[in-house]
Structures are given as structure tokens and as C-alpha cells.
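Colleague: I am new to this structure and would like to learn how to read it. Could you walk me through it, feature by feature?

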Amino acid sequence: MLGTVLFIGEKTAATQAFLAELHCAYFSCHIAETPDAAQLILRSKSIDAVVVQADFSNFDTIALCRKLRRHPSACHLPIILVQMNLKGADWGRALVAGIDDILPFEPSKLTSTIHRLKFLIREYAEISALQSQIGKYVPSGLREFGAEFDHRLQVFSLDKDFKPRFPKGGQGPSYSQQDNTVLIASSLTQELDLLDLRNGPDGDALNILCEATNGSKRSRHLLELGADDLFEGSDTGGLTLRLAALKFRKNRKTQLRAKLEAQIAQAHFDPLTSLLNRHAGLELAQDSVIAANETAAPLCVMVIDIDRFKDINDQFGHALGDRILQKSALRLKHHIRDPDILFRYGGDEFVVILPKTDQATADRISKRLKSTFRTPIRDAAKEHYITISIGAAYLTDPSQELADLIDLADQNMYRDKRTPTQQDLFLPDALPRIA
């Protein structure tokens, strides 16, 4: 089964025809003849969409849809109103009530209605899938951040003769740079035109509404080829409703994607230096150790520490210390090789994993990294002279663990810290290593 539909309405011949179409499309269905029965089904069954028959049993069905939109079991579902004559549809109230669409209930148009239902279920399923990922990634940093969204909708027509009746109508080439953009495509007579739009450089960001006047077969093809929604050329009220619903779904998915991306970034990257954090870095480092053992390739682990970093914090404050960390991390990042893995290990310590690197190569890399700090770090028109200490360890036995390599490199780093280096000759006398 593709899903389960809750149908709220009377058992009429039209209802039986609709249920038969649903069954042929591999949907199961629950029928509720009263609002109370509908609420009971929503609480006890897993529902993928709600279809409400317009004006059944003298109920105000739009008011019922408004209540459903606020119901905890239906607020995340597509809600569709079906009625025999769309010319009498109250599009304005439907828009306010949160109805996703008003679709025809005539037997000759049921196939098209089912295609629209499938499309809306897929749209809401995508939103639900994004929502389910939120919170699965545990941030490692201390900062929480999000994104602000522009909820304005910009509408452009691809047909100069088509002028939609709403405020931001018009046309122009600037749509390609807009995120919340809808293209009204009333003149797409060839399906390849739609494919070109969807597969273009800005295709993912576009919302495309296509006019469908040639029956259900064309409607199905347009949706399958990438149309976000369909409308009929004379259906001004329906077009307005579809634009509003499309805007809502677009903004919802954009917000969820941005929130998910932020959580993924926080889970894998250090918020201060933008390097990989310890957890993510150690995972990649472990993979490198396994690969080196499998191929008998050399591997080097370096631990890098900023000398006397505590003095920087004590004398100049933690704000400067944070900026020193950021700029030091940037220098290190710019002077390692593409295959190397650099991550912040903790405090002012960094770890670099160097695959396929023997001791002679590691020594050259170590000297190059130290030489990059001969140039002072500038901050607020002041120069701060920083030095680093580096310790290295080498994978020599398949039985060696990553933790052992890091521990050995850490010991060698402290040994290097106690040994005066050539770089000390470049430091001023006042407050050694810090200007």
C-alpha cells in the first residue's frame, strides 16, 4: 500500500467511485461520517492524508478542516477538500483554514484527483522525514545558531500572455537568483521544457506550477517530470490557494533543511575554529589507521600545541585567545596537504593525521608548519608572536592503537616544547613568545 487515507463524508455513489480509485492506486482508506468518528480514527490509526467531502450532512466542512489543521494527529498531514463543482469553491476561506487543495469529485476527474493526492502525500512525507532527523545530531560546540528566512513569494510567468491576479505578478530574468520563487508555466507544451527547467543550475530552488488542461495523463506526466503543482488556466482562486500552500511547504522544508544542516555542522565541526571536532576527527583518524594497516603504508600522527597559550589568556584575555586559536587553525589548515586530516583535539591542541607519510617527509612538514608562525599574527593593529610545538608518532605495528599513537605524539610534543628551536630566534625579548 502507498498509504492510508481518512475520508470524511457520506457514503454516496461518488464516494464509492472515489474509494475504488483509491484502492486501484494502492491506498487503503478509513471512512468517517461524523467529525467525532474522524477524530477517533486519527487518534487510533496511522493516517497519511485527510480527504473531506464538501458540505456533507450540513457540516461547515471548511471549519472542520480548520479544526483538523490544529489537531495534533492531523497538523502534519495534507488536508484536501473534494467537491462536485469547483466553480462554487470558497477559495478564500480554504486558504485561511490551511487546506492544501480543493479538488474535483466528479467521477470523470477522479484520476487527476488521485495524482494530486499522491503528490501532496510525497511532499508531506519529505517534510516529515526532515523533521525526524532533527535532534539526531548532537552539537559538540556551545553555540546555537539558526537561519532567518524571507517568507516573501516572488512570482514570474514564463508566458507573456498569462497575468496571474495577485500582488507580485510579473516576469523577468532575475528569478534564477531567488530562493522563494514560483514560475507559472502556462505555455509549456513540451515535457522536455519542464525537464530543462528542473535540471537547470537553479532547478532545485525553483517552484514550478504548470497548467494542465489536457486530462489526467498529462497531469501525471507533469508531476512525475518535476512540476511542484498544477492549475487550470481559468482557475484563479485555485491558483492563489496553490501558491499559498506551495509557499508554506517550501518555507517549511527550507527551515528544516537549514536546521538539520546546522545540527550536522555542530556535530562534526568545532564552532570556534571551524575545524573538525575531536569526535569527528578521531573517527576519520581511525579509518586512516585501518587503511594504513591494510595496505602496509606508512602513517604519521602529529600533535600540535600553541606555546604558552595560558599566558595569552591571562595577559590579554580569552577573547584574544579565541582569535589566536582561530587564526592559528587557519594557518595550519592552509599548510597541510589535501589527504591530511586536521582537527582540534582540545584547548590549544591540534592533531594532524598524515597518511602515507614516513619520518623524513613528516620532518619536512613539521618544519614547514613551524615556519608559518614566523610571521606574527595581527589582531587590532597589533602583532602577536606565536610559536608552536609539534610531536610525531609513526605507525610501525598493526597492533598499535590510535590512542597509543596520539599519546606517544603528545609526549614527543612536550619534549619538543622543552627544546629551544630555531624559531625562538625570531621572537622579541619582551614576554617570550608573546608580543
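Modeller: Gladly! Let us begin with the inventory: the protein has 13 helices and 15 strands in its secondary structure. Please keep in mind that this is a predicted model.

Colleague: What share of the residues is buried?

Modeller: Of the 435 residues in the protein, 47% are buried. As for contacts, among those with a separation of 6 or more, 67% join residues that are 24 or more positions apart.

Colleague: Now a single helix. How do I read the sides of α2, and which of its residues are buried?

Modeller: The general idea comes before the case. An α-helix has 3.6 residues a turn, so residues three or four places apart point the same way. In α2, the buried residues are Pro35, Ala38, Ile41 and Leu42. Viewed down the axis of α2, they fall within an arc of 120°, so they line one face of the helix. The face turned away from that buried side carries Asp36, Leu40 and Arg43, which are exposed.

Colleague: What covers the buried residues of α2?

Modeller: The cover includes β1, β2 (27–32), β3 and α3.

Colleague: Let us turn to α3, then. How many of its residues are buried?

Modeller: Seven of the 10 residues of α3 are buried, so this helix is largely enclosed by the rest of the structure. The seven are Thr61, Ile62, Ala63, Leu64, Cys65, Leu68 and Arg69. Among the elements covering them are β1, α2 (35–44), β3, β4 (79–83), α4 (91–97) and α5.

Colleague: Where is phenylalanine 59, and what does it touch?

Modeller: Phenylalanine 59 is in the loop between β3 (49–53) and α3 (61–70). With a relative accessible area of 31%, phenylalanine 59 is partly exposed. Leaving aside residues up to four places away in sequence, phenylalanine 59 touches Glu33 and Pro35. Phenylalanine 59 and proline 35 are 24 residues apart in sequence, and their C-alpha atoms are 9.0 Å apart in space.

Colleague: How should I read aromatic rings, and how many aromatic pairs are there?

Modeller: A pair of aromatic rings is described by the distance of the centres and the angle of the planes. This structure holds four aromatic pairs. In one of them, the ring centres of phenylalanine 7 and phenylalanine 105 are 6.0 Å apart and the planes are at 20°, so the pair is stacked. Phenylalanine 7 belongs to strand β1 (residues 3–8) and phenylalanine 105 to the loop between β5 (101–104) and α5 (110–133), so the pair ties together parts that are 98 residues apart in sequence. Both phenylalanine 7 and phenylalanine 105 are buried. Together with Phe18, Phe7 and Phe105 form one aromatic cluster.

Colleague: Which charged residues sit over rings?

Modeller: Here are two cases. Arginine 278 lies over the face of tyrosine 345, 4.0 Å from the ring centre. The charged end of arginine 331 is over the ring of phenylalanine 373, at 5.6 Å from its centre.

Colleague: May we try α12 next? How does its length compare with what is expected, and which of its residues are buried?

Modeller: Helix α12 (residues 359–371) has 13 residues, which at 1.5 Å a residue should span 18 Å; its end C-alpha atoms are 18 Å apart, which agrees. Buried in α12 are Thr361, Ala362, Ile365, Ser366, Leu369 and Lys370. These residues cover an arc of only 170° around the axis, which puts them on the same side of α12. Arg364 and Lys367 are exposed on the face turned away from the buried side.

Colleague: What do the buried residues of α12 pack against?

Modeller: They pack against β10 (299–306), α11 (318–334), β12 (349–355), β15 (388–394) and α13 (402–417).

Colleague: And which residues of the largest nonpolar core touch the most other members?

Modeller: That core has 27 residues, and the ones touching the most other members are Met302, Ile304, Leu332, Phe350, Leu369 and Ile388. Two or more residues each come from β10, α10 (309–316), α11, β12, α12 and β15. The largest share, five residues, comes from α11. Apart from this core lies another, of 25 residues, including Ile8, Ala32, Ala54 and Ala97.

Technical notes: Residues numbered from 1 in each chain as written. Predicted model: local features only at pLDDT ≥ 70, side-chain atom pairs only at ≥ 80, totals over all residues. Heavy atoms only, no water. Helix = DSSP H or I, 4+ residues; strand = E, 2+ residues; numbered from the N terminus. Expected span 1.5 Å × (residues − 1). Buried < 20%, exposed > 50% of the residue type's maximum accessible area, 1.4 Å probe, protein only. Arc of directions from axis to C-beta. Contact = heavy atoms within 4.5 Å. Phe/Tyr/Trp six-rings, centres within 6.5 Å; stacked < 30°, edge-to-face > 60°. Lys NZ or Arg CZ within 6 Å of the ring centre and 35° of its normal. Core = buried A, V, L, I, M, F, W, Y, C linked by side-chain atoms within 4.5 Å.
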